[in-house]
Amino acid sequence: MIKGSYFNGETSDKKDVSLFYKEDGLVGFNELDVDDVSFNEINISSRLGNTPRYLNFPDGSQFETLDNIAIDEMVEKLANDPLHGLAHKLESAKSFVLFTVVAVILFGWLFVQYGIPAFSKQIAELLPEEASQYMGQGVLDAMDKGFFSESKLTEKRQNELTSLFNSLLKNIESSKNYQLKFRLGGKIKANAFALPDGTIVFTDELINLAENDLEIASIMLHEIGHLKNHHSLRATIQQFSLAMFVMVITGDVSTSSSIITAIPVMLVESGFSQGMETEADTYSLEYMQKQKIDPNYFAIMMEKLEASYSVEYMSCMDSISGKENVRLKRIKCINDAVKLSKAESNEGDKSTMDYFSTHPSSKERIDRFKLK
Amino acid sequence: MENVNEEVGAQIINKPFEFTGKAGEFFAIWIVNVALTILTLGIYSAWAKVRTNQYFYGNTLLDGTSFRYTANPKQILKGRIIAFVVFMLYFAASSVSPIFGAGAFFVLMLLVPAFLVMSMAFRLKNSVYRNVRFNFNKDFSGVYKIFAIPVVVMSAYIFVVSQFQESIASGAEAKPEFPVFVFVLLGLIALMAPWWEYMITNFRVKHAKYGDAGFSFSATTKNYYWLYIKLVLVLIAFSALIGLSVAGISALFKPETADPSEMMKYMPILMVVIIVPFYLWLFAYMATKRTNLLYNNIDIAGHKTQSELKTGYMMYLYFTNTLGMLLTLGLLMPWAKIRTARYRASVTSVNVAGDLSQFVVVQTDKQSALGEEMGEMFDMDLGF
């Protein structure tokens, strides 16, 4: 005898009833004047925690009960369906659940940490060269529209740097479509970019930081490192796979607030990006060592780049007037700013924000080049 | 038939919702869902979604009877596969060329109203209470009519702004009428927002049915304008507060150091102390008031729903949920969902006129899960 509620299938009327079943598989209700029904014609919902069970009869009526144990017993007696309630068996086995927790955490960590970067690398290397070139189209146009303006460097200076760039390329295989471009950075300030189609963009502001052209060469090599490692393509594939992974894991919970998923995704993506920066640094470092260029140039340039965002440097640059010795004055500005930031950052340790950053901390990067 | 109760002046009894789900129990269901989803490369996710919904529906009781979610996982899987393919195409298109991406985005945007209707229909037709199905009238032309005006105004705004930017970029003399246009259109959008929210909520409620009984909605546009006016007042007060504290901090440092970088160090503290609570408040306020406004104005054949969510308690829930999930990398998510559902149920009730036995079953056809799955893929908020 199983107590529950009966709904006739025509209205929302509810009757308290008790259900009985016989050995021969006939099921009926004590209080109701309806025919007994064969068990095989009844659709029984599978067990889910302690939520009610529903028995649906061929005539559209439904029996609802909280007595899960009695229903399980009935199913076991009358049905030979080993799959019935399988999910519930898994969900209610404590050891299985515990094992699952550990397995899911371990898998999630391994997959994100190693799986996604490894297979993005593989795919990026498999894809034809054209895939990257296709991706780069329009990026420079968009940046020209939004941020950049025409370079103010003299033609002579541009030619000097281009021949420096080309001399670096001599030792690099399949680099014929790599080309150097200059832009006035404006809001973007001192920076350099490698676009997937092989274009490397330097801002005037970055060029103006350098005292020695080998400093610029070290950054060129870093950007070439991005191109050689297919970083744009890999970043795209990684972002996509991460989005899919998060969606698969949280697929059934998309209604919960997205900040919960946004923060881990940001952390992971900045981790991926930091990894790529380190790879590009490694490329630059190895090249410099092979070609007997002092790696210190990269360290110097990184210090300057960091200092170039400081308020002191900007106000110093603003105060430059007149036409004479502009170059020397600029160099003095940046050297002063570097000294100042070094004095300040003595106490600096890795702050929490570094985990969210797209680049590894400058100090770490600089140290790699200084020690060599 | 439905009016009989009112005619005889049936007694009104307030029946509260009850939620009986347990965090531990749901955690086990959830983690097994995640594991099986990974093992089956995502295929199980459709079954996972159904079991999750069934758990929440089944633990939500009204007058001693549970709700039931009856969606077929295979149908959801089909919807998911289609949505996944579309998502892949969209992603590929937008990484190949921003123009392609924009085109694909535009086409998808055109389909949003249709997805909204399909999603509502799928969800309601798969919701059952007392063996009677909910239902949703799929009025596609109606939904496009509601979307038409905002879309026209938004497009005009985007067009004017892009023209404005172009004229600045090309260095031509900036036309003085552009800022005026932008300002007028922005004002129009702001003034339209409450009206539009009313229209869309009204649409969703009025097309819903329980059995053969339609839903009626008694909220007015005025209610929605008040909701936003209060929001704007708080925003103004909040901006004043920020202004004062920034001024206060700079006043503290000006005399001796006058060093802006020294001052900047205090900005993160300012962020945490003022901006985070403000965001929490903003989300909690909108969620609370919207829900209350919705449920306090629904009438189904004389039975009226009632909701008394409190902004303060919602803030507390959001804060503790987010904190808990951050600290456990999402493992506390089941707990967060359960306690939110419990709180929501505890403040929701139905003023039942007589009893709930007079609703008549209506046969309905099968619904495609495509709309709902598309919405989920592209992270649209289609929730009811």
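Helices here are DSSP runs of H or I with at least four residues, strands are E runs of at least two, and both are numbered from the N terminus. This is a predicted model, where local features need pLDDT of at least 70, side-chain atom pairs count only at pLDDT 80 or more, and totals for chains, interfaces and linings use all residues. Residues are numbered from 1 along each chain as its sequence is written, while chains are lettered from A and ligands numbered from 1 in the order in which they are written.

**View 1. Helix α8 of chain A and what follows.** Right after α8(A) comes His230(A), with a positive phi near 50°. The helix itself covers residues 213–228 of chain A, and its end C-alpha atoms sit 22 Å apart, which agrees with the 22 Å expected for 16 residues at 1.5 Å a residue. (That expected span is 1.5 Å times one less than the number of residues.) α8(A) is mostly covered, with 13 of its 16 residues buried; buried means 20 or more other C-beta atoms, placed from the backbone, within 10 Å of a residue's own.

**View 2. Chain B as a whole.** Count 13 helices and 10 strands in chain B. Of its 384 residues, 32% are buried.

**View 3. Where the two domains of chain B meet.** Domain 1 takes in 12–139 + 208–377, and domain 2 is 140–206, with bounds from an automatic or database domain assignment. Domain 1 of chain B brings 19 residues to the contact and domain 2 of chain B brings 16; residues are in contact if their C-beta atoms, placed from the backbone, lie within 7 Å. On the domain 1 side, α5 (98–125), β7 (213–217) and α8 (221–253) of chain B each supply at least two residues.

Conventions: Buried ≥ 20, exposed ≤ 12 C-beta atoms within 10 Å, placed from the backbone.
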